[in-house]
Amino acid sequence: MLDEPLLIRADGSPEIGTGHVMRCLALAQAWQAEGGSVSFIGEITGGLASRLKDEGITVQALESTPGKKNDALETARKAQAIGAPWVVVDGYHFDGSYQRWLREEGVRVLLLDDYGHADHYDADLVLNQNIDAEATLYDSRSEHTELLLGPRYALLRKEFWP
């Protein structure tokens, strides 16, 4: 059983799409199934925010410009306020600097990634669930960064659980 809260930093709306938030919802549901609580912070609007709230997830709007240093600092402060030692980050605007800023604030970082988009990887964990995920996508990474690659790490929402 988990007794620690988890903070997820992702954005989703009809304008920018819902994929990152919905992928993170799968992780949130698994965390909750083990007894943990989950909060999202980001630009999450409309039906997507309602869906998260219906799942018992706290949703907080982001006050900072997404992907910038103030975003990372705001996210880290939120994690510290709720006692979350981990922040899950999912989005294409979270580069190596963003990951480093979070870690410098004392939180551990799990970055969900599709294709090796960042200039550098400084997260504690990088998860790429795609069948073609390979370590060469992440050659520019810190020594402490561990990789979770391939479909064995697939994130499935509870409506798809057996």
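A residue counts as buried when its relative accessible area is under 20%. By this criterion, buried residues account for 50% of the 162 residues in the protein, which is described here from a predicted model. The protein has a radius of gyration of 15 Å, in agreement with the value near 15 Å for a compact globule of 162 residues. Its C-alpha atoms fill a box of roughly 40 × 40 × 35 Å along the principal axes. About 8000 Å² is exposed, and carbon and sulfur atoms supply 49% of that area.

Four helices and seven strands make up the elements of the protein. Read from the N terminus, they follow the order β-α-β-α-β-α-β-α-β-β-β.

A good place to begin looking inside is the largest nonpolar core, which has 27 residues; Ile8 and Phe40 touch the most other members. Elements giving two or more residues to this core include strand E1 (6-10), helix H1 (19-33) and strand E2 (38-42). H1 gives the most, with eight residues. Leaving aside residues up to four places away in sequence, Ile8 touches Cys24, Ala28, Val38, Ser39, Phe40, Ile41 and Val88. A second, separate core holds 21 residues, among them Ile41, Ala72, Leu102 and Tyr121.

Helix H4 (residues 96-104) offers a closer view of the packing. Its buried residues are Gly96, Tyr98, Gln99, Trp101 and Leu102, and they pack against E1, helix H3 (69-82), E4 and E5. At the start of H4, the backbone nitrogen of Ser97 lies within 3.2 Å of a side-chain oxygen of Asp95. After the helix comes Gly106, with a positive phi near 95°.

Definitions and conventions. Residues numbered from 1 in each chain as written. Predicted model: local features only at pLDDT ≥ 70, side-chain atom pairs only at ≥ 80, totals over all residues. Heavy atoms only, no water. Core = buried A, V, L, I, M, F, W, Y, C linked by side-chain atoms within 4.5 Å. Buried < 20%, exposed > 50% of the residue type's maximum accessible area, 1.4 Å probe, protein only. Contact = heavy atoms within 4.5 Å. Polar contact = N/O pair within 3.5 Å; in protein donor to acceptor, adjacent residues only side chain to side chain. Rg over C-alpha atoms; globule rule 2.2 N^0.38 Å. Areas by Shrake-Rupley, 256 points an atom, 1.4 Å probe, with all protein chains shown as cover.
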